[in-house]
Structure formats: C-alpha cells, structure tokens
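Q: Please pick one part and walk me through it slowly. I'm new to this one, so plain language would be great.

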Amino acid sequence: MNPLTSPSNEKFGIEPYSLITIDHYREAFEHGMKAQNENIQAIVEDTAAPNFHNTIEAFDKSGDELQRTSLIFSALSGSNSTEEIRKFETEIYPKLASHSDDLYLNAQLFQRIKTVYDHISTLE
C-alpha cells in the first residue's frame with residue numbers, strides 16, 4: 001500500500017514521512033502523471049463547446065494528484081535531503097519537466113483554452 005496514493009486517516013491526510021519510501025514517491029509521481037494525462041485527454045476529447053468549466057477549471061484540476069505528491073516530496077527534499085533523495089531528484093525532475101512540456105505544448109488543449117479566451121467577453 002502506497003501512503004501517497006491511498007487515503008490516510010492521519011492529520012493533514014498524509015502518513016508520517018518516515019513511512020514513505022523513494023519507491024512510494026516514484027510510484028506516486030508515475031501515477032500522478034498518468035492520471036493527469038488521462039484527464040487532459042478527456043478535456044481535449046470533450047465534444048461540448050469549450051467553456052471555463054470544461055476546459056480551464058478541468059485543466060486546473062487535472063494534476064491534483066501529481067501536485068499533492070510534488071508538494072509532499074519538495075517539503076521533504078527541501079528540509080531533509082539525503083543522498084537517496086538527491087539521486088531520485090535527478091531521476092524524477094527530468095520526467096516532470098518532460099511531462100509539463102507535453103501539457104503546455106498540447107495543440108488540442110491550447111486550442112480549447114484559446115477558444116475560451118477568445119470568447120471571454122461572453123462568459124458569465
């Protein structure tokens with residue numbers, strides 16, 4: 001069971017850092033990137049006309065799982081860095097950068113966002 005991808009009854013919804021391993025982070029980052037890609041695919045395949053809710057808000061929420069993992073990891077790596085954590089950073093940060101590039105260079109997503117922007121004066 002991965003404490004980063006499973007619900008927790010602990011205060012603030014996260015297990016103690018001491019119970020989270022690098023493999024948990026690796027799995028959670030991969031899971032988060034995959035989930036965000038699926039969410040983005042759902043946005044670009046939506047046949048409804050682009051609007052704030054189904055495009056902008058959906059895009060904003062698309063990476064919630066990934067953001068949660070990133071925030072938890074960065075708190076740990078920034079306050080208690082170890083050789084193992086620094087090694088993992090050299091593994092995961094290029095993957096996260098590539099993932100981010102793929103999102104922001106997604107032509108279909110850009111077109112939906114542009115459509116919303118171009119019609120901003122008609123939004124309620």
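A: A residue is buried under 20% relative accessible area, exposed over 50% and partly exposed in between (1.4 Å probe, protein chains only). This is a predicted model, where local features need pLDDT of at least 70, side-chain atom pairs pLDDT 80 or more, and totals for chains, interfaces and linings use all residues. Residues count from 1 along each chain as its sequence is written, and side-chain values use heavy atoms, leaving out hydrogens and water.

Let's stick with helix 1, residues 22–45 (helices are DSSP runs of H or I, at least four residues, numbered from the N terminus). Plenty of its residues are buried: I22, H24, Y25, A28, F29, G32, M33, A35, Q36, I40, I43 and V44. Among the things covering them are helix 2 (52–61), helix 3, helix 4 and helix 5 (107–118).

Now look at what helix 1 packs into. The largest nonpolar core (buried Ala, Val, Leu, Ile, Met, Phe, Trp, Tyr and Cys joined through side-chain atoms within 4.5 Å) holds 16 residues, and L4, Y25, F29 and F88 make the most contacts inside it. At least two residues come from each of helix 1, helix 3 (64–79) and helix 4 (83–104), and helix 1 is the top contributor, with five. L4 itself touches I14, I20, H24, Y25, A28, R68 and I72, leaving aside residues up to four places away in sequence (touching is heavy atoms within 4.5 Å). Another core, of six residues, lies apart from that big one, and I40, I43, F59 and L103 are among its members.

Next, the aromatic rings. Phe, Tyr and Trp rings (for Trp, the six-membered one) pair when their centres are within 6.5 Å; planes under 30 degrees apart are stacked, over 60 edge-to-face, the rest tilted. The whole structure has six such pairs. One of them joins Y25 and F73: with ring centres 5.0 Å apart and planes at 70 degrees, it is edge-to-face. That pair ties together distant stretches of chain, since Y25 sits in helix 1 and F73 in helix 3, 48 residues apart. Y25 is buried at 1% relative accessible area, and F73 is buried at 1% too. Zoom out a little and Y25 and F73 belong to one aromatic cluster with F29, F88 and Y93.

For contrast, glance at F59 and Y104: their ring centres are 5.9 Å apart and their planes at 90 degrees, so this pair is also edge-to-face. It links helix 2, home of F59, to helix 4, home of Y104, across 45 residues. Here F59 counts as buried, with 18% relative accessibility, whereas Y104 is exposed at 57%.

Finally, the charged side chains. A salt bridge needs a Lys or Arg side-chain nitrogen within 4 Å of an Asp or Glu carboxyl oxygen, and there are eight of them. Helix 1 has R26 bridging to D23, with the closest N and O atoms 2.6 Å apart. Those two are three residues apart in the helix, about one turn, and R26 is partly exposed at 27%. Helix 5 has a bridge too, between D118 and K114, closest atoms (N and O) 2.7 Å apart. D118 and K114 are four residues apart, again about one turn of helix 5. Back on helix 1, the R26 and D23 bridge isn't on its own: bridges with shared partners join D23, R26, E30, E91 and K95 into one network.
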